[in-house]
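Visitor: I am new to this structure and would like to learn how its features are read. Could you take me through a few of them?

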Amino acid sequence: MHYDMIIAGVGGQGILSISALIGRAALTRGWHLKQSEVHGMAQRGGAVQSHLRLSDRPIHSDLIPRGRALLILATEPLEALRYLPWLDPEKGWLVANEEPVRNMAAYPDPTTLYAAIRAFPRYFLFNADTLARQLQAPRAANVAMLGAASPRLPFEPETLEAAIAAQFARKGDSVVQSNLAVFRAARKEALRTPISLAP
Amino acid sequence: MCTQSLLLLGDEAVARAALDAGISGVYAYPGTPSTEITEYIQQDPDAIARNVHRQWCANEKTAMEEALGMSYAGKRALVCMKHVGLNVAADPFVNSAITGVGGGLVVAVADDPSMHSSQNEQDSRFYARFAYIPLLEPSTQQEAYEMVRAAFDYSEQLRLPIVVRLVTRLAHSRADVCPTPPRPENPLAPASEPSRWVLLPVHARKNWDVLTRRWPEITAASQSLPWNRFFPGPDRRLGIVAAGIAFNYLHECFPVGIPFPILKIGHYPISPTFLDTMKTAADKWLCLEEGAPFLEEQLRGPFSTPLFPIRGRLDRTLPRTGELNPDLVAKALGLNPREGPPVPRLVPPRPPSLCRRCPHADTYDFIRDVMDNYPHGRIFSDIGCYTLGALPPHNAIHTCVDMGAAITMAKGAADAGLYPSLAVIGDSTFAHSGLTGLLDAVAENSPITILILDNETTGMTGGQDSLARGRIESIVTGLGVAPDHVAVVTPLPRFRQENAQRLRAEIAYRGVSVLIARRPCIQIRKSS
């Protein structure tokens, strides 16, 4: 087993919380893990990414070579497109949040971003923020992203749910339950949506 | 199989190892990518129970000196800093090799090749060589743990400080680390040899002579340490020197095994007899190292034709500047890297920017209101989030060079006749390196206007306590700024005109004035 993925977003969106959940799940499986993070200046509203590598054998590089990532999980639609050269052109998936973060003057028309994402053969595009708000858990958009990506990840959903429960245990049972509800709803949505095969 | 593996950043592996090696104190000023070393120790229950010293220091120089003091007293100490922090700490750092140490002293320096969060990409290996201090360079988080554990014993054995060099991609990457059983702290045992510790010329000359005589011995003895290793390979058309994390990128290129002989470098200085292997093991060599072509230059020597062909950054087989990655290494090895789909042309860059409702943005608004009327005026800025004021929409600052340079450069420009000359400096940067420059300005009553942007934290590195917090007015007036020309303003849109008016008045005053623009960082307010 070897699985490389990139988590992409904007500084301040908390993409490291997604990495932490997947890292927790990987440890329960006894896998090796390498997870490269961005700290410092770029965190102030700049483009940020986390390279996450899981394997049952020792992992060498902290960075994923180009063309190898099996998933780009993007918490923002523009950022979904920034790291495409790292995506495996034959097997890679693009899972992206529709909700734009417009903290720059030259932000493109979001519909052109959605079209570029939909042009990719394996994608899932949805609004994680809306889904989280609908379930009265507005801060759980990142957990919604994890749920939407979960059918592509090398874990049983129960393993990820256990990681969510452990991560939020400190904040009480109602927070755990609302996060699990968001995870399940997003996963269901991702499984329900037919895969586009159009180029 | 490890029974209690931990998921740690490279920085955290350094911290865990130092705690397990029995340190009694960590001394540091926050700086990317080194900050998380100290933060780990500050939050570790074990460190809290032991009451390990873990407060932030004013700057890297005070940190290095305090750690040397703890070492003098016989206890083990860790000092951490980013690469440019070593410039600040250079004086005690270089002299700590002349005094030597008591308790083990490890200097963890995190370099930032590609300048992800820095103003240069200087390579700390030059400093260690310059100071005659051994340096260890880990390739993995596990090795970072093992090297730091070993470095404290090594430091006490050699009676020298030891540098452990990290780079951003190791410091900020998490991996599973297997720790080893902890060791107790050292007892208090103050040094008692004035000839070592009082660096009068008469003592220093002797110590320096001893150090230079010991250096070849330390170099030769390093061969028995596990950090520099030769891996034979059947294909002798190419040999590879791989230092630090470059070793990982090399392995990434050959999933089923590397056919070439390899010299893995993790300890500097490198024994010449170890390097002699290169003469016979391969016909030509590729040098893979993160940062400067430090080894490559030494291996080439000053000759037009080196002993054997050396490929690397100098002949542009690899880029001369910037960090390595697995794709660059693959290309240097003549392998064809894979490529995913291209980035669509509609994707613009997204540079970092000040947060929405950031107090610095409001400060720059009223500064611009005033300074737009002075096209010949200049605004000297400093290191921190507020450096982002250089970018649109603010376009508000003219310089950013090093910690504290805002005040001193403004003074120098005023000395030259520039008017108005403004300095913009954060509260934490002011505590780090602003005080002495302000004293220079006060001594000459220089016509400069200083804005201290007091967001009550160290914002850029994630919100560490600023040592100036609650003390800025007393520091400023204590250094001699006239109380009439020290004022606190609140950077909020509704005070914009009022603040501009005050700034205009202080610019008109031909002496030192200090405006403290005080409003807490919104990131800190969010998280508290």
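**Reading a sheet, a helix pair and a residue**

Guide: In chain B, six strands (DSSP E runs of at least two residues, numbered from the N terminus) make an open sheet of mixed pairing, in the order β2-β3-β4-β6-β5-β11. Strands β2 (23-28) and β11 (267-268) of chain B are at the edges with a single partner strand each, so one side of each has no neighbour in the sheet. The model is predicted, and local features need pLDDT of at least 70, while side-chain atom pairs count only at pLDDT 80 or more and totals for chains, interfaces and linings use all residues. Residues are numbered from 1 along each chain as written, chains are lettered from A and ligands numbered from 1 in the order written, and side-chain values use heavy atoms, without hydrogens and water.

Visitor: How many bridges join β2(B) to β3(B)?

Guide: Strands pair if DSSP finds at least two bridges between them; here five join β2(B) to β3 (residues 76-82) of chain B, and the two run parallel. Within β3(B), Val79(B) is the bridge partner of Tyr27(B).

Visitor: What describes two packed helices?

Guide: The angle between their axes and the distance between the axes describe them. In chain A, the axes of helix α1 (residues 15-28) and helix α6 (residues 157-168) come within 9 Å and cross at roughly 120°, where axes are lines fitted to C-alpha atoms over the stretch in contact and angles run from 0 to 180 degrees between N-to-C directions. Helices here are DSSP H or I runs of at least four residues.

Visitor: Is Glu456(B) buried, partly exposed or exposed?

Guide: Glu456(B) is partly exposed, because its relative accessible area is 22%, whereas buried means under 20% and exposed over 50%, with a 1.4 Å probe and protein chains only.
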